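Hi,

Here is the structure I said I would pass on. Have a look at it first, then read my notes underneath.

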Amino acid sequence: MANQDVTSMPRIFHRTKHGHIYLGDSLDVLRTTEDNSIDLIMTSPPFGLVRKKEYGNAEAPAYLDWFKPFAEQFHRVLKTSGSLVIDIGGAWNPGTPTRSLYHYKLLIMLCEEFGFHLAQDFFWWNPSRLPTPAEWVTVRRIRVKDAINTVWWLSKTPWPKASNRRVLQPYSPSMMELLEKGYKAKKRPSGHDISDKFSVDNGAAIPPNLIAIPNTESNSAYLRYCQEHGIKAHPARYPSDLPEYFIRLLTNEGDTVFDPFGGSCMTGEVAERLNRRWTCCDLVEEYLVGALGRFVGSAQVERPKPESDSSYYRVPRPGLLWNGREEPLDEDGGRVRKVKPKNKGSGAAVLPKSNPSVRSISVDDKNSTIESFVLMPVASEESER
Ligand SMILES: C[S@@+](CC[C@H](N)C(=O)[O-])C[C@H]1O[C@@H](n2cnc3c(N)ncnc32)[C@H](O)[C@@H]1O
């Protein structure tokens with residue numbers, strides 16, 4: 001791995017009321033951690049990306065070998081009721097518009113070689129992701145934007161402690177309407193019998209395993225601290241809502257959370273706020289110097305305030321913006337790069353005149369739970385995550 005600042009044994013870099021940060025190799029920290037002592041490992045390891053990030057990423061084929069000693073330690077230090085949550089993005093194979101299987105291989109390795117159980121697979125949709133790689137997505141137009149990370153929730157036994165009551169979300173406007181007007185019990189076309197229990201107001205909805213969070217932090221205490229102190233912010237931070245979701249789902253107050261690839265210590269900041277004991281670790285001192293901005297003074301995670309309907313992302317139905325005109329497909333699959341003809345426009349779908357604003361499109365399909373489409377916030381500072 002590139003850019004390791006540290007060659008000596010890890011040292012405690014900073015302590016807070018509930019946690020501490022180590023500067024050093026987390027493998028060394030793990031090796032001195034007691035068996036069965038951690039409730040949750042919540043982390044986002046360096047990805048096996050084709051384009052190397054500044055903090056170093058193993059190439060996809062070497063990734064599994066790099067991960068193995070961590071997997072062994074993770075399994076040893078977790079309590080039997082504990083969970084390992086790994087946020088990991090996909091990668092493109094070099095030179096072709098095809099996807100690497102490395103993160104699926106990682107999942108299979110963790111389960112088949114190290115005895116983890118896949119409690120559930122989640123998908124974190126980041127609507128503000130940039131359309132990359134540009135060559136396949138915006139230049140040749142033969143692939144679509146990759147906007148999800150997989151989040152593997154793994155456990156040491158099939159019965160990790162968890163409660164979805166901790167992560168309920170407000171009912172959507174359509175569900176509120178249904179609760180108000182009532183629901184007639186009937187069989188769905190899928191064959192599912194929907195009883196009248198469906199219209200009982202339980203106060204909130206059980207969320208799906210698709211987590212929609214834009215990664216658009218632009219004015220947090222952390223960023224301000226980095227700016228004021230001339231520190232470069234960590235380039236691949238996850239949003240606070242992601243660790244918060246899993247910390248709430250899987251741990252109680254006072255439990256222990258560990259992030260071996262701590263980066264800017266977002267996991268630590270959330271764990272501190274939620275009164276969990278925690279440890280974060282990173283190899284790169286500059287990242288930890290910046291992370292201090294999360295713990296000094298009255299720094300707190302600044303969560304975007306939900307405005308009316310903005311806490312809902314509505315998933316677009318495929319083809320919604322289709323303009324009725326099919327451009328012929330290239331038989332070579334885009335292998336030969338075309339020279340763009342001048343003054344021909346971008347080739348983007350044109351909205352029919354009857355749909356003057358994408359904001360107002362609404363799809364009313366009684367058999368579908370998918371409502372309409374997304375109004376995506378635009379990132380002012382896009383983290384590379
Ligand atoms: C994807 S980033 C994590 C970002 C973090 N979730 C956040 O929100 O700031 C991965 C981090 O792992 C660190 N790292 C890589 N190998 C490590 C190791 N052996 N021990 C400790 N940290 C490591 C890198 O320096 C990098 O900061």
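Below is what I found in it, going from the cores to the buried polar residues and then to the salt bridges. Keep in mind that this is a predicted model.

**Cores**

The largest nonpolar core has 38 residues. Val85 and Phe246 are the ones with the most contacts inside it. Helix H7, residues 241-250, supplies the largest share of this core, with six residues. If you want a place to start looking, try Val85: leaving out residues up to four places away in sequence, Val85 touches Leu40, Ile41, Met42 and Thr43, then Val151, Trp152 and Trp153, and finally Phe246 and Leu250. So the two residues with the most contacts in the core, Val85 and Phe246, also touch one another.

Apart from that core lies another one, of 32 residues. Trp66, Phe67, Phe116 and Phe258 are among its members. None of this will surprise you, as nonpolar side chains tend to be buried together in soluble globular proteins.

There is some nonpolar surface as well. Ile148, Leu210 and Val315 form a patch there, with about 200 Å² of accessible area together. Ile148 sits in strand E6, residues 148-155, and is partly exposed, at a relative accessible area of 32%.

**Helix H6**

H6 covers residues 221-228, and its buried residues are Ala221, Tyr222, Leu223, Tyr225 and Cys226. These buried residues pack against H9. After H6 comes Gly230, which has a positive phi, near 65 degrees.

**Buried polar and charged residues**

What do the side chains of the buried charged residues meet? I looked at two of them, Glu244 and Arg294.

- Glu244 is in helix H7, the helix that gives the largest core its largest share. Its relative accessible area is 5%, so it counts as buried. The side chain of Glu244 makes a polar contact of 2.8 Å with the side chain of Arg273. The C-alpha atoms of Glu244 and Val167 are 9.4 Å apart, although 77 residues separate the two along the chain.
- Arg294 is in the segment after helix H9 (285-291). With a relative accessibility of 3%, Arg294 is buried too. Its side chain is joined to that of Glu269 by a polar contact of 2.8 Å.

Ser26, in helix H1 (residues 26-31), is another buried residue, at 3% relative accessibility. Not counting neighbours within four places in sequence, Ser26 is in contact with Phe70, Pro260, Phe261 and Cys281.

**Salt bridges**

How many salt bridges are there? The count comes to 17. Here are three that link separate parts of the chain.

- Glu285 and Arg11 form a salt bridge in which the closest N and O atoms are 3.4 Å apart. Glu285 is in helix H9 and Arg11 in strand E1 (residues 11-15), so this pair links parts of the chain 274 residues apart. Glu285 is partly exposed, at 33% relative accessibility, and so is Arg11, at 42%.
- Glu113 and Lys68 meet through their side chains, at 3.9 Å from N to O. Glu113 lies in the loop between helix H3 (102-112) and strand E5 (117-125), while Lys68 is in helix H2 (residues 60-77), 45 residues away in sequence. Glu113 is exposed, with a relative accessible area of 52%, whereas Lys68 is partly exposed at 29%.
- Arg337 and Glu135 form a salt bridge with the closest N and O atoms 3.1 Å apart. Arg337 is in the segment after H9 and Glu135 in helix H4 (residues 134-139), so the pair ties together parts that are 202 residues apart in sequence. Arg337 is partly exposed, at 48%, and Glu135 is partly exposed as well, at 23%.

One more group to look up: Asp39, Lys79, Lys161 and Asp255 are linked in a network of salt bridges.

Cheers

Technical notes:
Residues are numbered from 1 along each chain as its sequence is written. This is a predicted model: local features need pLDDT of at least 70, side-chain atom pairs count only at pLDDT 80 or more; totals for chains, interfaces and linings use all residues. Side-chain values use heavy atoms; hydrogens and water are left out. A nonpolar core is a set of buried Ala, Val, Leu, Ile, Met, Phe, Trp, Tyr and Cys residues joined through side-chain atoms within 4.5 Å. Buried means under 20% relative accessible area, exposed over 50%, partly exposed in between (1.4 Å probe, protein chains only). Helices (H or I, at least four residues) and strands (E, at least two) are DSSP runs, numbered from the N terminus. Contact means heavy atoms within 4.5 Å. Patches are made of residues with over 30% relative accessible area and no salt bridge: like charges are joined within 9 Å, nonpolar side chains (Val, Leu, Ile, Met, Phe, Trp, Tyr) within 5 Å. Accessible areas come from the Shrake-Rupley method with a 1.4 Å probe; for residues, only the protein chains shown count as cover. A salt bridge is a side-chain nitrogen of Lys or Arg within 4 Å of a carboxyl oxygen of Asp or Glu. A polar contact is a pair of N or O atoms within 3.5 Å; within protein, one must be able to donate a hydrogen and the other to accept it, and residues adjacent in sequence count only if both atoms are side-chain atoms.
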